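Trainee: I would like a close look at one topic, salt bridges. Please go through them pair by pair, and say how exposed the partners are.

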Amino acid sequence: MKEIKLLIGGELKTSENHYLSENPANGEAVAKVYLPTEAQIEEAVNKAHDAFYSEEWRSMDQNKRADILEAISEKIKARKDELVNFEVQDSGSSLRKAKADIHNAASFFKVLAGQLRKFQFEVKDENASRAGFSNNYKVYEPIGVCGQVIPWNVPLVMAAWKIAPVIASGCTTVLKTAQETPVTGGILAEIIAESGLPKGVVNIITGGAKEGELLLKNPKVRKVSFTGSTQVGRKIMEQASKSMQKLSLELGGKSANIVLKDADLNLAVDGALYAFLYHSGQVCTSGTRLFVDQSIYEDFKKALVKRVEEVKVGPPNDPTTGYGPVISKKQFDSIMAYIEKTKMEGAKLLSGGTRKTGGELDKGYYINPTLFEVTPDNTIFHEEIFGPVLAITPFKTEEEAIKLANSSIYGLAGAVWSKDTKHAMEVAKKLETGTVWVNEYHLLNPGMPFGGYKQSGVNREMGEEGIMAYLEVKHLWVSDCDERGKKPWFDAIF
Ligand code: NAD
């Protein structure tokens with residue numbers, strides 16, 4: 001059986017504790033996974049700390065760091081079949097999604113390498129500088145040791161989003177993968193161990209809340225980068241305040257999908273389904289609130305209910321599957337409880353609302369795509385479910401749609417569907433959310449920033465902003481005036 005070890009100080013290590021990672025489709029063991037002890041978590045942070053202050057890493061030229069990012073990208077590509085296979089088994093991802101994820105993870109390292117080659121770590125600000133007075137520079141420097149924690153939903157992509165900017169910025173890190181899905185992060189550890197990266201720059205461990213807490217509260221951790229629920233994000237922000245750790249938080253969402261009356265109906269129906277069903281709805285950007293113009297509402301609803309029946313819920317390794325099981329019994333129970341609550345609240349169930357069973361599906365946690373017609377009085381209008389459940393609401397005016405969309409504590413993503421893209425852009429600009437698609441959904445561009453407004457997060461990942469999030473900026477003031485009498489402060493004190 002595959003063994004997933006801990007990457008600490010450049011070495012792949014076992015530990016006294018281990019568990020078996022489970023396939024959510026059938027409960028079978030996927031890999032033997034080593035859990036770090038408290039001492040090993042501390043050792044990993046110490047290795048990251050030593051690496052941060054090592055001459056080898058501090059003096060490494062940015063082009064050489066970019067070469068390493070490209071080497072990691074190539075090695076992911078070389079092991080893509082193995083990675084796809086394990087991502088399917090470990091996370092319940094459909095085969096089609098896993099193929100895209102592994103490709104995206106590899107290309108993320110490559111794109112960051114390109115950005116790094118162009119990145120200016122020292123910039124003279126000509127507007128701030130004045131001849132005979134001062135030369136003013138912005139110098140961008142790595143923050144230091146990072147503690148990074150990722151969720152279980154898209155394991156390799158999440159690990160790539162965290163690790164690539166660490167290498168690009170010159171920081172060092174200990175990354176904790178989610179205990180539910182540690183396998184592809186563990187394979188990435190093997191890849192990194194042989195990538196030419198100095199030992200200790202990237203350390204990878206796994207574990208749950210206990211291991212995450214131990215890692216993030218270590219006083220040597222200067223930057224915390226966390227992706228997960230808003231609830232845990234709040235705790236982490238509180239803990240970070242004790243030593244003023246720098247923070248990047250990518251948290252929950254309840255994204256609004258707005259269909260205007262002039263939308264291409266068939267396209268918007270498919271887009272709405274993709275928005276909430278991708279990866280069984282276990283995606284932070286899921287479009288789980290659908291707002292449809294009253295004038296097309298009945299036609300739209302009819303088309304949506306018909307089309308949803310064509311989505312294949314099935315075993316993740318079947319290439320025809322649209323989406324597979326949810327990750328665990330805990331997640332299944334939580335989603336089913338939301339469904340029951342919504343029924344009790346009297347919302348109209350348009351489709352689904354049940355477990356999908358039959359044959360080998362009985363061994364996994366499959367849920368039929370579920371459509372509810374709701375009002376803002378319903379719980380699922382507001383709360384993130386992280387499952388294949390959609391809340392549909394009609395609107396009379398665009399102003400009403402925008403108001404409803406913005407009436408959320410979250411602000412991660414959203415979309416507007418209309419044939420008039422110029423007008424749709426105007427609507428999009430009124431949404432309080434970090435990403436808005438026009439006639440599109442879920443697609444992310446590694447060159448563009450990603451993150452949340454409001455309680456969906458702090459800071460950004462990806463794009464130039466994603467590298468900036470790992471840098472401190474130093475104002476370097478160099479005097480251009482050597483004459484004592486001309487110094488502006490001379491009169492003030494002498
Ligand atoms: P979670 O918050 O329960 O756990 C996330 C990670 O944090 C896991 O690795 C977990 O072990 C760890 N953890 C839990 N408690 C901790 C603590 N007190 N200190 C340190 N670490 C701790 O979330 P989840 O259930 O794994 O993932 C689903 C959530 O993640 C959803 O809310 C989803 O929206 C969010 N998410 C956000 C993004 C984004 O980019 N905004 C992406 C993916 C998922």
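Mentor: A salt bridge here is a side-chain nitrogen of Lys or Arg within 4 Å of a carboxyl oxygen of Asp or Glu. Keep in mind that this is a predicted model.

Begin with a pair that meets this rule inside one helix. Asp101 and Lys97 form a salt bridge through their side chains, with 2.6 Å from N to O. Both residues belong to helix α5, which covers residues 95-118. They are four residues apart, and that is about one turn of the helix. Are these two partners buried or exposed? A residue is called buried when its relative accessible area is under 20%. Asp101 has a relative accessible area of 3%, so Asp101 is buried. Lys97 comes out at 5%, so Lys97 counts as buried too.

The structure holds 27 salt bridges, taken as a whole. Another of them joins Arg79 to Glu190, and the closest N and O atoms of that pair are 2.6 Å apart. What does this pair tie together? Arg79 sits in the loop between α3 (62-78) and α4 (80-91), while Glu190 is part of helix α7, residues 183-193. The salt bridge therefore ties together parts that are 111 residues apart in sequence. As for exposure, the relative accessible area of Glu190 is 17%, which means that Glu190 is buried under the cut-off already given.

Next, take Glu126 and Lys124. Their side chains also meet in a salt bridge, at 3.9 Å from N to O. That value is within the 4 Å limit, so the pair is counted. To place these partners, a second cut-off is needed: exposed means over 50%, and partly exposed lies between the two limits. Glu126 has a relative accessible area of 55%, so Glu126 is exposed. Lys124 has 32% relative accessibility, and therefore counts as partly exposed.

Which residues are joined into one network by salt bridges that share partners? They are Lys2, Arg79, Glu82 and Glu190. Two of these names have come up before, since Arg79 and Glu190 are the pair at 2.6 Å that links the loop between α3 and α4 with helix α7.

To recap, the pair Asp101 and Lys97 lies within helix α5, and both of its residues are buried. The pair Arg79 and Glu190 joins parts 111 residues apart. In the pair Glu126 and Lys124, the glutamate is exposed and the lysine is partly exposed.

Note on methods: Residues are numbered from 1 along each chain as its sequence is written. This is a predicted model: local features need pLDDT of at least 70, side-chain atom pairs count only at pLDDT 80 or more; totals for chains, interfaces and linings use all residues. Side-chain values use heavy atoms; hydrogens and water are left out. Helices (H or I, at least four residues) and strands (E, at least two) are DSSP runs, numbered from the N terminus. Buried means under 20% relative accessible area, exposed over 50%, partly exposed in between (1.4 Å probe, protein chains only).
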